[in-house]
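Got a minute to go through a model together? Let's talk about how to read its domains and its metal sites.

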Amino acid sequence: MASSWHNLRIDIDRLRADIETLSKIGRAPDGNLTRHAFAPGYEEARRWLKSRFAASGIAARDDAAGNTIGRVGPETGPTVMSGSHIDTVPDGGPLDGAFGVLAALEVARVIKEAGLSPPRGFEAVAFIDEEGRYLDCLGSKAVTGALDLARVAKAKAPDDALLVDAMRGAGFDPARLSEAKRKKGEIAAYVELHIEQGPVLEAKGLPIGIVTGIVGVDHSDFTFYGEPDHAGTTPMDLRKDAFTGACEFVSRMRKMILRRGTPYTRLTYGIVKSKSAAANIVPFEIYLKQELRDTDQKLVKRLVKASYKLADKVAAEYRLRVEYAHTTGNTAALMAPRVQDIVEDSAKSLNLPAHRMPSGAGHDAQVIARVADAGMIFVPSEGGRSHRRDEWTDWKLLEQGANVLLQSVLRLMHAA
Ligand code: HGY
Ligand code: MN
Ligand code: MN
């Protein structure tokens with residue numbers, strides 16, 4: 001009893017042209033692709049994305065948070081949603097986020113062209129600042145009403161630029177952020193397509209991953225303060241060397257995580273800054289950005305607490321002062337079994353073997369999961385590489401993933 005929509009497929013040539021075009025927007029002549037939320041390169045990408053919706057006669061808008069949303073099907077009422085992000089990490093790759101947004105755009109085009117009249121709408125969304133230059137998953141958090149407005153006012157980038165200034169610079173009013181919140185029940189279901197960003201699917205030789213759950217992430221800032229003494233005259237046992245203390249802290253943290261963590265625990269110090277600017281001054285101020293992840297949110301909490309305790313202990317041992325604070329993060333989430341089954345069914349209908357797996361990367365899907373049934377589809381990443389220039393996935397695999405997305409969205413749109 002297959003309806004005609006079971007035979008619909010995405011157009012890989014059209015999707016490929018979009019991926020190639022977007023990968024050039026915001027790219028510097030030396031090849032560096034950096035599209036930070038609300039920056040000029042991002043705003044250019046936003047305008048281009050809206051022009052792509054318009055070219056297919058699809059209504060698109062920016063919401064109050066800066067998310068870009070195209071919609072097909074019934075104009076009001078519950079909607080199936082699919083999206084991801086078009087911001088990047090510094091010097092990032094062409095597929096992280098962009099693939100999911102452009103595949104959702106392609107799905108919207110296929111639905112529009114097929115002239116379907118499904119009972120539900122479909123929205124393709126580019127969520128703002130998923131990468132958290134200012135605030136992790138800002139756009140999806142605004143949509144779910146999960147934003148802490150006091151934190152929004154203080155949120156800033158690693159170069160201290162304020163989120164509220166960046167928003168105003170791009171023509172958005174931070175005071176209206178909460179207007180992006182969607183009404184209860186408005187999102188009928190959410191499904192996000194993304195590259196895996198890790199090595200599992202490639203190693204297994206499988207084309208499709210079905211995400212079971214997404215890690216929780218905590219970001220905390222640490223600053224160790226010592227004394228800027230003369231490096232030649234101050235004996236080793238009398239100096240207050242902030243760098244040595246910070247190193248000891250990091251080394252003991254690593255041991256603690258290996259002892260107390262799970263196979264999914266991750267500890268990273270991705271930003272390290274020293275105030276010293278000379279070889280002959282004892283390092284006196286060291287800043288660390290700590291990132292801690294695990295699929296178990298309670299464990300993330302316990303380990304973060306333990307890291308604060310350890311920082312106090314090491315600072316005392318090294319006669320330093322330390323300050324620490326939680327800055328941002330995401331809560332771990334399980335993907336809805338119903339959406340996982342629909343993805344599996346869709347993959348099966350396309351004769352594509354699929355593998356259920358957790359995600360070690362954060363995604364907007366984990367935020368939307370608080371208000372709607374959410375799921376994710378992964379495609380393999382070449383060499384497991386991501387968050388770097390040479391992130392890539394073969395066109396055939398991208399096409400297969402986009403078709404699984406299309407069939408999953410169609411099933412969700414027609415589901416009771
Ligand atoms: O950091 C992450 O996991 C994601 O790429 N934003
Ligand atoms: Mn990313
Ligand atoms: Mn991403």
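What follows is a short chat about domains, their interface and the metal ions.

Q: Before we start, what am I looking at?
A: This is a predicted model, where local features need pLDDT of at least 70, side-chain atom pairs count only at pLDDT 80 or more, and totals for chains, interfaces and linings use all residues. Residues are numbered from 1 along each chain as its sequence is written, chains are lettered from A and ligands numbered from 1 in the order in which they are written, and side-chain values use heavy atoms, with hydrogens and water left out.

Q: Into which domains is the protein divided?
A: Domain bounds come from an automatic or database domain assignment. Here you get domain 1 (3–215 + 332–414) and domain 2 (217–330), with 34 Å between their centres, taken over C-alpha atoms.

Q: How do I read the interface?
A: The size of an interface is often given as the accessible area lost when the parts come together. With a 1.4 Å probe and summing over both parts, about 1100 Å² is buried between domain 1 and domain 2, and carbon and sulfur atoms give 49% of that. On the domain 1 side, Asp136, Val215 and Ala332 supply 42% of the area buried against domain 2, more than any other three residues.

Q: How many salt bridges does the rule find across the interface of domain 1 and domain 2?
A: A salt bridge is a side-chain nitrogen of Lys or Arg within 4 Å of a carboxyl oxygen of Asp or Glu. The rule finds 0 between these two domains.

Q: Which residues are the protein donors of the manganese ion (ligand 2)?
A: Donors are N, O and S atoms within 2.8 Å of the metal (3.2 Å for Na, K and Ca); water is not among the atoms, so sites may look incomplete. For ligand 2 they are Asp96 (OD), Glu131 (OE) and His387 (NE2), 2.0 to 2.1 Å from the ion, with the spacing D-x34-E-x255-H along the chain.

Q: And which are the protein donors of the manganese ion (ligand 3)?
A: His85 (NE2), Asp96 (OD) and His194 (NE2), at 2.0 to 2.3 Å, spaced as H-x10-D-x97-H. Asp96 coordinates both manganese ions, which are 3.6 Å apart.

Note on methods: Buried area is the accessible area (1.4 Å probe) that two parts lose on being put together, summed over both.
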